[in-house]
Amino acid sequence: MKEYRHNPYFNLFAKQQQNQFNIGNRTYKERLKLLNRLQQAITVTFRTQIQDALYKDLGKAVVETELTEIFAINGDIKFAKRHLKQWMKKQKVDTPLSMLGSSAYIKYEPKGVCLIISPWNFPFNLTFGPLVSAIAAGNTAIIKPSEMTPNSSALMAKIVVDVFTEDEVALVEGEVEVSTELLKLPFNHIFFTGSPQVGKIVMSAASKHLASVTLELGGKSPTIVDKTANIDKAAKKIMWAKFLNTGQICVSPDYVLIDKSVKVEFIESCKKWLKTYYEDNPKASDSYGRIVTDKHFERLNAYLENAKTLEAKFEVGGETENTSKYIEPTIISDLKPEAKLLNEEIFGPILPIVTYESLDMAIAYINSKSRPLALYIYSKSKVNIKKIMNNTRAGGTCINNNVLHYANHNLPFGGINNSGIGKSHGFFGFKAFSNERSVLKQYTFGVTELLFPPYTSFKEKLARITVKWF
Ligand code: NAD
């Protein structure tokens, strides 16, 4: 450990490392107490402060904060509390006949000292969500939230100090340099939520210590709408999911792949639903947010400019205002393949529409890109749904809906390759922060002992019998 002495976070890390077995050996009831304390802080003590911070950082409406932050974290805590006793139990496994005389079980033990690095788009949910799994599994944790949402970050620091001791859970605020220093320390597990680009940096740093990683990343999540779909219902759900949090969601429908014959009907329905949700002027709507930072606003503006240069068709919206970081809900079609909107993760309120003539073309289009975090299918055809499911890969899928798979705690959440490594939520989150320790207990003479050296001809026969019959 001497080599880390000069790291600015070494003392904090060392305190948690020293304390890890005290924390790890806590009983079910003690872990429950900790979860209760966090629940009280989120749902009672700091609830209005959370709403205020998110309004300041992201212009988030109270209803969205309640649903996508408070409800989400509270749901994680309630689910963990309900199942923790079972998760912490030894999980017995069968013993093969050749190992007669022994029994075996899996012990889910805490990994130890964990690092949680979180993004800005759901600052509370994506910080405290993984933390619920980390503490349920008996770990200590150091958290580094995003610097892009400073009001949320400062409030989370306050909550952590209120609920935990520093040798249990600590939060360090700051920018990239802070992450870089933290990543030099020999954490036992790193849980990172953010972009694939930074995910690679995190994985590379983790490889120095062979720390295990959970990488919850992003990318372009496609939505297929085929000609059998209920077009109006599809538009209703897609317009809600795409513009929720101003499109700044990892599982947001990034682009729509639609059968050419239903494109016009779909766009008309989209217009109708946008008017219902945000009236004639989304800028004045309390239900519509803003882009997080000037940098992200400029990035999205550049995508729009690029689309204009390539003579794409603006079906809806396109208005922007840099002083308030406002981007109108925008739908664009007829984009050329090289358009930025079809090649970069959008992470904002712009929806490209790509038409297809056959389902095979749609599938080939999806498979020409990195494997997505989510893939959504709107269809009434069982054959089409099966074809898409069997010929694509994605972290998760909703059929005739979008985004909501995230909220079912019984499902693992995460990506595949470029969209992530490992899973979170519920038991899958608990598992991510646990070492599945294999335990074999010998309680009487074991038949394997018959095969110990010296290797006589009798033992050779016995070995052959073992291979054949056991
Ligand atoms: P980001 O990768 O830029 O930043 C995430 C975190 O990493 C922040 O705390 C940041 O300070 C830190 N960081 C940034 N650069 C770093 C570096 N060079 N070294 C070490 N740490 C660094 O992501 P973001 O802009 O905060 O969030 C948007 C991205 O996150 C999108 O790609 C989105 O799809 C993804 N995301 C994924 C999920 C999921 O659950 N899969 C959820 C939300 C967001």
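Sorted by class, the shell around the ligand has 16 nonpolar, eight polar and four charged residues. Here Ala, Val, Leu, Ile, Met, Phe, Trp, Tyr, Cys and Pro count as nonpolar, Asp, Glu, Lys and Arg as charged, and the others, Gly among them, as polar. This is a predicted model, where local features need pLDDT of at least 70, side-chain atom pairs count only at pLDDT 80 or more, and totals for chains, interfaces and linings use all residues. Residues are numbered from 1 along each chain as its sequence is written, and side-chain values use heavy atoms, with hydrogens and water left out.

So who sits around the ligand? In total, 28 residues surround the ligand (each with a heavy atom within 4 Å of it), and the closest are K144, E147, S195, L217 and E345. Let's look at some polar contacts, meaning pairs of N or O atoms within 3.5 Å. A side-chain N or O atom of S195 lies 2.7 Å from a ligand oxygen. At G194, a polar backbone atom is 3.3 Å from an oxygen atom of the ligand. S179 puts a polar side-chain atom 3.2 Å from a ligand nitrogen. On its own the ligand exposes 840 Å², and the protein buries 90% of that (Shrake-Rupley method, 1.4 Å probe).

Which element gives the most to this shell? Helix 8 does, with three residues; helices are DSSP runs of H or I with at least four residues, and strands are E runs of at least two, numbered from the N terminus. Domain 1 (2-217 + 421-437) and domain 2 (222-414) each give the shell at least three residues, with bounds from an automatic or database domain assignment.

Key
A polar contact is a pair of N or O atoms within 3.5 Å; within protein, one must be able to donate a hydrogen and the other to accept it, and residues adjacent in sequence count only if both atoms are side-chain atoms.
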